[in-house]
Structures are given as structure tokens and as C-alpha cells.
Amino acid sequence: MPSTLLAEVVGSTAAIGYGLAAIGPGIGVGLVFAAYIQSTARQPEAARITQPFLWIGFAVVEVLALLAIAFGFIWAGEL
Amino acid sequence: MAGQQPPSEPPKDDAPPPINSSGGWTAISYLIGGMLVWGGIGWLVDHYLLGTKGIAMGIGAVIGGAAGVYLIARRLGA
Amino acid sequence: MTGQTLTVLAADVPFPPSVEDFYLPSIVPWGGHADTWFTKITLMLWLSVAILIIFFMVAYRKPQLVPSKKQWLAESIYGFVRNNIAVDMIGKEGVRFAPYLATLFCFIFMMNLWGIIPFFQISPNSHIAFPIILALISWVLFIYLGFKKHGVGYLKIALVPPAPWFILPILVPIEFFSNFIVRPFSLAVRLFANMFAGHMLLLVFTLGGFAMINSNALLAPVSVLSWLMTIALTFLDFAIIALQAYVFTVLTASYIQGSLAEGH
């Protein structure tokens, strides 16, 4: 017996994919900046010393979120 | 100027550099710029050279992202 | 009494607001739309320039050692930009640029301020032309300074990051894009987007109040809530106005400092 279409969900899986992919980097960037703020609060003289690591950490975590945006567009069509 | 304190001593040459208040904008612009530039070059390669539908743009975006992170580590890092 | 108030308030308003609401009708043929340039926006632009020129000229007409109130105000504004922005970001050489930065700060602040002054209530900076020109001037300035100070070596300082030579071809396009294209673009778009969004928010809450009464008179308390939200957003808008003027000036000063800095 041929299968009948009972229910249909229409939309873009790229959007769902990006939504899921943004969870990790969101938490990650929050952790990085939280660590910087805490360390500055405990020892203000260390702020200048730890600032380079702030930017490196932010960059590495954020690039994952940006790749998620890029791949959403790239995989919207077929490869 | 009336009511103003005299400007703080400008930093001498061997004083530590001021806190990088524009670091955030620089970091984001390197990241996004890297992915745009190399994603764009990848898209041009896709469209005119290879005829594929998106793989070169994807590779370009990844290379651009990695290059952006490298630039941030070099410019803003220790 | 409530019924009459509600009838007056339930006039027909266009809702939701759109980008078309930012294209204002002209003043001198009154209400014309095509081919007319003298709108409320032009009037606000001319008024900003006039107010700034007249204020600073009058404040400095007879400068005294113990300043009058006007002179103190003018000096405070200029002193703030000169000490906290120019000298802080650029160093001793900053005094040379303090007049330009002070003009930039005052002009952007005045232009943004029209967004919350009653009867005007739109900022010319919500049309992207004005932030584009301001960003263009700052861009040309810091590129010109770089070339004047370093000659052609400026390209090497600005574009070549400290990296081993074989990765440089990948990095130099990114540096070029980030230094010479993203900087002016982001200056313009940051100012434009903040003013556009602020005005749009105020429009939504104000017109929404009217639209709600228009559809069902029982929604009147919700309309009052919407208008209270408008008042709160106006205060927030004032903070954003000052902040955006400050950020534009600080970033321009930072780019000038980057151009004048010695190489690595």
C-alpha cells in the first residue's frame, strides 16, 4: 500500500542547526569573560597581564559560532 | 580649562601600553573579516573555476577563520 | 469623558511602522514627496550647525580668567574631549587633533539629540548618509596621517603582521579588509543602527498604543502601559545618544593613534 503523507514539517534545518550550534560558544564566551572579571576582581594588578589571554580565548571560542553561521549558508543548498 | 584637572601624565616610552580598549572590535573584525575575505575568495573559485556548489567556500571560510584566530593571537596576544 | 478621550485617541494611525516612515515630507512645498530636499531633516542639520557655531562663538566672546557660566560650559566640553579622549588615546600629540575630535563629538551629540527633542523626534543620523560622510572623513584622516608620517612604509606597518613569511599571503588580505574596509564601515553602521533602532522602538511603542485603542477600546490600560514604555525608552535613548557620540570619537582617536604609532 503506498505510504500517505500524514504530517509535514516545513522549514530550514540550517536554522535549527545554527540554533543548536550557538549554545556552546555562548556558554564558552561567558565563561571566558567571567574568568577574566573574577581574576581582575581578586587581583587588579593582574588585569593587564591576563588581558592577552582574554582575547585569545574569546577568538578561539567565537570562531566556532561564526563557522556555524557560515556553514548554515554553505549547506543551505546541496554541496 | 576651568574646573579640569591637568591632563594625566602622558605615558612615557617605557611605560606599559594602555589597556587595549578597542581589543573587542579588533578581535571581532579579524574573525568576521577573515571568514568573509577567504569565504569570498572561495566562492569566486567555486563559481568561476571549479563549478562546485559550495565546498570551496566552506574551505575558504575555515581557512579564514583559522587565520583570523592566528592574527588575534599574534596582535592581541602575549 | 473617557469615551470622548478614547474617540480622540483612536485616530487612524499607520501600524506597524516601516522604513517608509523615515522618509519625511518636505517643508517648502509643504507635504511634497518627490524631488524635494528641504525636509525636517535638512532643517535639523542646519539648526545643529548654527547652534554649535553660535554657542561656541558667544561663549568665547570675552574670555575671562574666572569664567562665566557659558564659558565654563564650553570649556568643560572641550576640556573633556581634549583630556579624556585626545590626550588619553593619542598621547602628547593629541592636542593637535583635539579641535577636530571636539567638533566631531559635539556635532554627533547634537545631531543625535534631535531624536528625543519634542516636535522633532527623529535624528538625522538615522539616515545613513550622515554617518557615512562622518566615517569617510575620519577614514581619510587616519590614512592620510599614516602616509604622511611613514611614507609608503605605512602599508608595511599596517598590513604585515608579525608572522612567519610563508603564512603572510593568507593574513595580509584579512589585515587589509579589517583595517581599511571594516573600520569606516563599522563606524558609520554603528552610529546609524543605534539611531535607527532607537527611533523605530519609539515609533513602535507610541503608534502601538494608538493602534491598540483603535482596535478595541477596552485595551486602553495596555495602551497607557505602552506609552509609559515609550517614556522609559526615551531615557534609555538619551544614554545611547551620549554613548554613541563618545564611542565614535574614541574610536577615531584610537585609529589616529594607530596610524601615528611607530612600527612593532
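**Notebook: chain contacts and nonpolar cores**

I began with chains B and C and found 20 residues of chain B in contact with 23 residues of chain C. The model is predicted, so I read every entry here as a statement about a model.

Next I looked up which elements of chain B face chain C. Two or more residues come from each of α1 (23–50) and α2 (55–76) of chain B. I noted that α2(B) gives the most to this side, with 7 residues. I then sorted the side of chain B that touches chain C by class, and got 10 nonpolar, 8 polar and 2 charged residues.

I turned to chains A and B. Their contact takes 18 residues from chain A and 24 residues from chain B. On the chain A side I listed 13 nonpolar, 2 polar and 3 charged residues.

I went on to the nonpolar cores. The largest one has 40 residues, and the members with the most contacts inside it are C:A86, C:L101, C:F105, C:I108 and C:A253. I checked which helices of chain C feed this core: α2 (40–59), α3 (69–90), α4 (98–113), α5 (129–150), α7 (168–215) and α8 (220–260) each supply at least two residues.

I picked C:I108 for a look at its neighbours. Leaving out residues up to four places away in sequence, C:I108 touches C:L134, C:L191, C:A245 and C:F248.

Last, I recorded another core that lies apart from the largest one. This other core has 31 residues, including A:W55, A:V63, A:L67 and C:I174.

Note on methods:
Residues are numbered from 1 along each chain as its sequence is written. Chains are lettered from A and ligands numbered from 1 in the order in which they are written. This is a predicted model: local features need pLDDT of at least 70, side-chain atom pairs count only at pLDDT 80 or more; totals for chains, interfaces and linings use all residues. A nonpolar core is a set of buried Ala, Val, Leu, Ile, Met, Phe, Trp, Tyr and Cys residues joined through C-beta atoms within 7 Å. A residue is buried if 20 or more other C-beta atoms lie within 10 Å of its own, exposed if 12 or fewer, and partly exposed in between; C-beta atoms are placed from the backbone. Helices (H or I, at least four residues) and strands (E, at least two) are DSSP runs, numbered from the N terminus. Two residues are in contact if their C-beta atoms, placed from the backbone, lie within 7 Å. Ala, Val, Leu, Ile, Met, Phe, Trp, Tyr, Cys and Pro count as nonpolar, Asp, Glu, Lys and Arg as charged, and the others, Gly among them, as polar.
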